[in-house]
Amino acid sequence: ASFPANTLVTLTATPDVGSAFIRWSGDADCADGVVQMTASLNCTAVFNRQIGAPRLPNLRWVRQTEFFLPVAWESALPLSMVLTYSVTNNGFVTAPYSKFTIYLSTDPILGPEDRQIGFYNGLGPISPGQEKSAIGPGGIIPAGTPIGRYYIFAVVDAANEIKELNEKDNSMRWMIEICRTGLVRKGCSQQ
């Protein structure tokens, strides 16, 4: 990052679950976590795994993945979708399996009122540091779904069967719109 000359910058270190911040290292001005920007500096946060910290897996989506429609832009309902699942385990031990549950929601926040429309159990065990990807079924948007904007959520380990370091990074979502009797990925105005 760039800063005006002589600006005081307070460094922030955010440890992962199961780790603790130890100290700052690097250039001499870094030691107390506040640096004055008189020149380019190299500061490094040093962390250590906490003794007794749980050795758990942590499944999370790697990046934004795509969902595919069976036709280029529009298809009649019911609609079977296909998802690309791309998940990593950034925890300390192998996740024994990776189950995905797919939901249809009327708003961008997944809640208990949202409808489950699919399930996928295709990635199997994931070792620490391993990333796995697969293309699989993404659920079925049922016939009779009213016109409007919806969100598709794909959640790995939705039932929290696998105890993880972080249970809050397990979902990915996509916005869709249902226009008349079809589904359009980028909005109803593109018919």
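**View 1. Phenylalanine 100 faces tyrosine 120 across paired strands.** In this predicted model, phenylalanine 100 stands opposite tyrosine 120, a residue of β9. The pairing of β8 with β9 is antiparallel and runs over five bridges. When neighbours within four places in sequence are left aside, the contacts of phenylalanine 100 are Trp61, Tyr85, Val87, Gly118, Phe119, Tyr120, Leu123, Val155 and Val156. Tyr120 is therefore both the residue opposite phenylalanine 100 and one of its contacts, where contact means heavy atoms within 4.5 Å.

**View 2. Strand β8 is covered on both faces.** Six of the six residues of β8 are buried. On one side of the strand lie Phe100, Ile102 and Leu104, and on the other lie Thr101, Tyr103 and Ser105; both sets are buried. Besides its pairing with β9, β8 pairs with β11, again in the antiparallel sense, over six bridges. Within the pairing of β8 and β11, leucine 104 is set opposite isoleucine 152 of β11.

**View 3. The largest nonpolar core draws on several strands.** This core has 27 residues, and those with the most contacts inside it are Tyr85, Phe100, Ile141 and Ile152. Two or more residues each come from β5 (59-61), β7 (79-89), β8 (100-105), β9 (115-120), β10 (131-141), β11 (148-156) and β12 (171-179). The greatest contribution is that of β7, which supplies five residues. In soluble globular proteins, nonpolar side chains tend to be buried together. Phe100 and Ile152, which appear in the preceding views, are thus named again here among the residues with the most contacts inside the core.

**View 4. A second core lies apart from the largest one.** This separate core consists of five residues, among them Val9, Cys30, Val35 and Met37. Its member cysteine 30 counts as buried, because its relative accessibility is 0%. Cysteine 30 also takes part in a disulfide with cysteine 43, which is the subject of the next view.

**View 5. Cysteine 30 and cysteine 43 form a disulfide.** A search of the whole structure finds one disulfide. The sulfur atoms of cysteine 30 and cysteine 43 are 1.9 Å apart. A disulfide is a covalent bond between the sulfur atoms of two cysteines. The torsion about the S-S bond is about -70°, so this disulfide is left-handed. Cysteine 30 belongs to the loop between β2 (19-26) and β3 (34-36), whereas cysteine 43 belongs to strand β4 (residues 43-49); the pair therefore ties together parts that are 13 residues apart in sequence. Cysteine 30 is buried, whereas cysteine 43, at 28% relative accessibility, counts as partly exposed.

**View 6. Serine 19 and phenylalanine 47 are separated in sequence by 28 residues.** Serine 19 is found in strand β2. With a relative accessible area of 18%, serine 19 is buried, because the cut-off is under 20%. The C-alpha atoms of serine 19 and phenylalanine 47 are 6.3 Å apart in space.

**View 7. The whole protein sets the context for the close-up views.** The protein has 13 strands and zero helices. Of its 191 residues, 38% are buried. Among contacts between residues at least 6 apart in sequence, 68% join residues at least 24 apart. The protein exposes about 10700 Å², of which carbon and sulfur atoms supply 53%.

Definitions and conventions
Residues numbered from 1 in each chain as written. Predicted model: local features only at pLDDT ≥ 70, side-chain atom pairs only at ≥ 80, totals over all residues. Heavy atoms only, no water. Helix = DSSP H or I, 4+ residues; strand = E, 2+ residues; numbered from the N terminus. Buried < 20%, exposed > 50% of the residue type's maximum accessible area, 1.4 Å probe, protein only. Areas by Shrake-Rupley, 256 points an atom, 1.4 Å probe, with all protein chains shown as cover. Core = buried A, V, L, I, M, F, W, Y, C linked by side-chain atoms within 4.5 Å. Pairing = 2+ DSSP bridges. Disulfide = S-S within 2.5 Å.
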